[in-house]
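Here's a quick walk through the fold, its core and the parts to treat with care. Have a look at the model first.

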Amino acid sequence: MPECVPATEDETGAPPTEADTVEIVQVLPSANNIGFHDVAPMTISTVNGETFSSWTYFQSLVKDGSQKNIVLENDTGYQIVINRQVAEKEHDALLEKYRIPKTQPDDMAEEEAEP
């Protein structure tokens, strides 16, 4: 008969690590994101096919300029594809239009990205 493993341990016996959850809670309307206004709420599981376990690592994946598009995907495979060049062009205008003073709190900007 198989041995039961407590819910606080994985198969190696180590306690589970808590991962940050990134969720789209609102899509600010713009001419370039028509059709995505009703996707919220949506929990993001990968960025460009890569999983993450912290907010700062998620940010580093999004900010990585090596790819033309940012592909946000949930665990069912639904994808939101953001053209990086278009998003960067309209970023400041959207912040101004919706009166958003800055894009991230200072305490989140200072955290280190995971390896």
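## Sheet, core and confidence

Four strands make an open sheet, ordered S4-S3-S5-S6, with antiparallel pairing. Its edges are S4 (50-51) and S6 (79-83), each pairing on one side only. Strands here are DSSP E runs of at least two residues, helices H or I runs of at least four, numbered from the N terminus; two strands pair if DSSP finds at least two bridges between them. S3 (residues 46-47) and S4 pair over two bridges, and Val47 has Glu50 as its bridge partner in S4.

This is a predicted model: local features need pLDDT of at least 70, side-chain atom pairs count only at pLDDT 80 or more, and totals for chains, interfaces and linings use all residues. Residues are numbered from 1 along each chain as its sequence is written, and side-chain values use heavy atoms, leaving out hydrogens and water.

The largest nonpolar core (buried Ala, Val, Leu, Ile, Met, Phe, Trp, Tyr and Cys joined through side-chain atoms within 4.5 Å; buried is under 20% relative accessible area, 1.4 Å probe, protein chains only) has 14 residues, including Ile24 and Leu72. These elements each give it two or more residues:

| Element | Residues |
|---|---|
| strand S1 | 22-24 |
| strand S2 | 42-44 |
| helix H1 | 55-63 |
| strand S5 | 69-73 |

H1 gives the most, with three residues.

As for confidence, pLDDT (the predictor's per-residue confidence, 0 to 100) averages 78 over the chain, and 73% of the residues score at least 70. Over residues 1-10 the pLDDT is below 50, and it stays under 50 over residues 106-115. Where pLDDT is low, don't read the predicted coordinates in detail.

Conventions:
Buried means under 20% relative accessible area, exposed over 50%, partly exposed in between (1.4 Å probe, protein chains only). Contact means heavy atoms within 4.5 Å.
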